[in-house]
Amino acid sequence: MLKKIILAAVVAATASFAQINIGVRAGVDMNTFWGDDTEDASSGIGFQAGVGAKMSLPMLPITVAPEVVIDMRNFDLNKNTVLTEWALDIPVLVRFSLLPILYLEAGPEFAFNLSVSAEDDDGDEIKFDDDFFNTFEFDLVFGVGTGIVPLVDIDFRVVLGMTNFLADPEIGDPLDVSNMQFVLGATYWF
């Protein structure tokens, strides 16, 4: 019982000294697929926007930075078909400051598929079954960033999807297809 009281007191004292910032984020991303069945995958350009927070303790080089981001992902399936996915991304990143203006970041991302649409070169919509794509995606995020401008962080991230993009990869031949993104973003902190 005494251990729990001491632990609670340490957590409360540590949290009272934590510096918490809230910010807005925007970025541009290049989207493609990776996996065994993506040798002909090309890339498309999308964007993201949302909010973030960062919580850091004084004198420690580690910061926790969760975000909530709306992400529009475009995938060029072939020369004449573009797939557009809207997703709600929730990355929870841990930042390690190498220098006062340079940091590495990594962590999981939880992505929820909000909608998927596709159209061909003629602008005709291509229909998919509602359950063709996964509604949840687990990703790993790795990145590097800088805070060289006061109140602004600029970062470059690689997002690797760990779950299959398709809800039923056994349709026809089994398919191994996951999301991969390269994101250049900026966050303005209040």
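This report describes the fold, salt bridges, surface and selected contacts of one protein model.

The model is predicted: local features need pLDDT of at least 70, side-chain atom pairs count only at pLDDT 80 or more, and totals for chains, interfaces and linings use all residues. Residues are numbered from 1 along each chain as its sequence is written, and side-chain values use heavy atoms, with hydrogens and water left out.

## Overall architecture

The protein has 1 helix and 9 strands, where helices (H or I, at least four residues) and strands (E, at least two) are DSSP runs numbered from the N terminus. Along the sequence these elements follow the order α-β-β-β-β-β-β-β-β-β. Of the 190 residues, 35% are buried; the term buried denotes under 20% relative accessible area, exposed over 50%, and partly exposed in between (1.4 Å probe, protein chains only). About 10800 Å² of the protein is exposed, and carbon and sulfur atoms supply 69% of that area. Accessible areas come from the Shrake-Rupley method with a 1.4 Å probe, and for residues only the protein chains shown count as cover.

Contacts (heavy atoms within 4.5 Å) can also be sorted by separation along the chain. Among those between residues at least 6 apart in sequence, 60% join residues at least 24 apart.

## Salt bridges

Side chains of opposite charge can pair when their charged atoms come close. A salt bridge is counted when a side-chain nitrogen of Lys or Arg lies within 4 Å of a carboxyl oxygen of Asp or Glu. The whole structure holds 12 salt bridges. Three of them are listed below.

| Pair | N to O distance |
|---|---|
| D71 and R73 | 3.1 Å |
| D89 and R73 | 3.0 Å |
| R95 and E105 | 3.2 Å |

R73 takes part in a salt bridge with D71 and in another with D89. Because D89 lies in strand β4 (residues 81-99) and R73 in strand β3 (residues 62-78), their pairing ties together parts that are 16 residues apart in sequence. R73 is buried, with a relative accessible area of 0%, and D89 is buried as well, at 1%. D71 is likewise buried.

The salt bridge between R95 and E105 joins two further strands: R95 lies in strand β4 and E105 in strand β5, so this pair ties together parts that are 10 residues apart in sequence. Both R95 and E105 are buried. These two residues also belong to a network of salt bridges that links R25, K54, E67, R95, E105, D153, D155 and R157.

## A negative surface patch

E119, D121, D122 and D124 form a negative patch on the surface. Residues in such a patch have over 30% relative accessible area and no salt bridge; like charges are joined within 9 Å, and nonpolar side chains (Val, Leu, Ile, Met, Phe, Trp, Tyr) within 5 Å. For charges, Lys and Arg count as positive and Asp and Glu as negative, while His and the chain ends are not counted. The place of a charge is taken as NZ of Lys, CZ of Arg, CG of Asp or CD of Glu. Within the patch, D122 is found in the loop between β5 (102-120) and β6 (125-126). D122 is exposed, with a relative accessible area of 66%.

## Residues around L151, V152 and Y188

L151 is found in the loop between β7 (136-149) and β8. Most residues other than glycine have a negative phi. L151, which is not a glycine, nevertheless has a positive phi of about 70°. L151 is partly exposed, with a relative accessible area of 47%.

V152 belongs to strand β8 (residues 152-161). Leaving aside neighbours within four places in sequence, V152 is in contact with T146, G147, T187 and Y188. The C-alpha atoms of V152 and A186 are separated by 6.8 Å, although these residues are 34 apart along the chain.

Y188 lies in strand β9 (residues 178-189) and is partly exposed, with a relative accessible area of 39%. Not counting residues up to four places away in sequence, Y188 touches I22, G23, V24, L151 and V152. Y188 and G23 are 165 residues apart in sequence, yet 5.2 Å apart in space, C-alpha to C-alpha.

## The loop residue F128

F128 is found in the loop between β6 and β7 and is partly exposed, with a relative accessible area of 31%. Not counting residues up to four places away in sequence, F128 touches L83, A118 and F133. The C-alpha atoms of F128 and V116, 12 residues apart along the chain, are separated by 8.6 Å.
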